[in-house]
Amino acid sequence: MSLETKTDLNEATINKLQKLIRANIDSYNGFHESAEELNDETLASLFRSIGDDRSAMATELQQHVAFNGEEAEDDGSVAAKTHRIWINIRGKLNGGDPHVILIEAERGEDHIKEAYEEALKETAGSAMNDVLSAQYAKVKAGHDKIRDLRDAYAKK
C-alpha cells in the first residue's frame, strides 16, 4: 500500500469526504433557511454566518475530492431536506420563536459534529487529517455557540 497524499486519497477517505460535503451542505441550507424563520435579526445574522462557514468548508472538501479525479457531491441529503421541512413547520407554529429554532439547530449541529468525529476516527493518519481537524474545530465552536444560545434563550 502506498502512502496516501492529498492528491492520491484512498476510496474510504474520499467516501468520508463526500459524506462530510453533504453534511456541510445540509448545515448551510439548514442555517440559511432557519435564519429566514427567525424574528431575531442578531440570531438570524449568526445563522447566516455559520451557514456561510459550512459552505466554505464544503467547497474546500469538494476541491480535495476533485484533485483526486472524482466528482464531488454538490447536494445535501434527503434526511436533511426532511429536517428543514420540520424546522419550517415548527418555526411557523411557534411564530419564529428563537428558542424552538435553536433547539432544532442544535440537533443539526449534533449530527454534523458526530459526522466529523466519526470521519476523524476512521481516517486517522490520512493525508486529510489536518484539514478535517481544522474543520472539526470550527464545527465544534459552532455547535457550542448554538447550544449556549439555546440555553440562554430558554431563560428568556
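Me: Which residues form a nonpolar patch on the surface here?
Reply: This is a predicted model, by the way. In it, Ile-85, Trp-86 and Ile-89 make up a nonpolar patch on the surface, and together they have about 290 Å² of accessible area.

Me: Where is Trp-86 found, and how exposed is Trp-86?
Reply: Trp-86 belongs to helix α3, which covers residues 78–93. To read exposure, use two cut-offs: under 20% relative accessible area is buried, over 50% is exposed, and in between is partly exposed. Trp-86 has 38%, so it counts as partly exposed.

Me: Let's try another one. Is Leu-46 buried or exposed?
Reply: Use the cut-off again: buried means under 20%. Leu-46 has 18% relative accessibility, so it counts as buried. You'll find Leu-46 in helix α2, residues 41–67.

Me: What does Leu-46 touch?
Reply: When you read contacts, set aside the residues up to four places away in sequence. With those left out, Leu-46 touches Lys-145 and Leu-149.

Me: How long is α2 from end to end?
Reply: For a helix, you compare its reach with what is expected at 1.5 Å a residue. α2 has 27 residues and goes 39 Å from its first C-alpha to its last, close to the expected 39 Å. Try α5 too: with 26 residues it spans 37 Å, close to the expected 38 Å.

Me: Which residues of α2 are buried, and what covers them?
Reply: Among the buried ones are Leu-43, Phe-47, Ile-50, Met-57 and Leu-61. Arg-54 and His-64 are on that list as well. The cover includes α1 (11–37), α4 (98–122) and α5 (129–154). Now look from the other side: the cover over the buried residues of α5 includes α1, α2 and α4.

Me: What happens at the start of α2, and what follows α2?
Reply: At the start, look for a side chain reaching to the backbone: a side-chain oxygen of Asp-40 comes to within 3.2 Å of the backbone nitrogen of Thr-42. After the helix, check the backbone angles: α2 is followed by Gly-69, with a positive phi near 75 degrees.

Me: Last one! Is Gln-18 buried or exposed?
Reply: Gln-18, in helix α1, has 11% relative accessibility, so it counts as buried. Next, look for what its polar side chain pairs with: a polar atom there lies 2.8 Å from the backbone nitrogen of Glu-73. Leaving out residues up to four places away in sequence, Gln-18 touches Val-65, Glu-71, Ala-72 and Glu-73.

Terms used. Residues numbered from 1 in each chain as written. Predicted model: local features only at pLDDT ≥ 70, side-chain atom pairs only at ≥ 80, totals over all residues. Heavy atoms only, no water. Patch = residues over 30% accessible without salt bridge, like charges linked within 9 Å, V, L, I, M, F, W, Y side chains within 5 Å. Areas by Shrake-Rupley, 256 points an atom, 1.4 Å probe, with all protein chains shown as cover. Salt bridge = Lys/Arg side-chain N within 4 Å of Asp/Glu carboxyl O. Helix = DSSP H or I, 4+ residues; strand = E, 2+ residues; numbered from the N terminus. Buried < 20%, exposed > 50% of the residue type's maximum accessible area, 1.4 Å probe, protein only. Contact = heavy atoms within 4.5 Å. Expected span 1.5 Å × (residues − 1). Polar contact = N/O pair within 3.5 Å; in protein donor to acceptor, adjacent residues only side chain to side chain.
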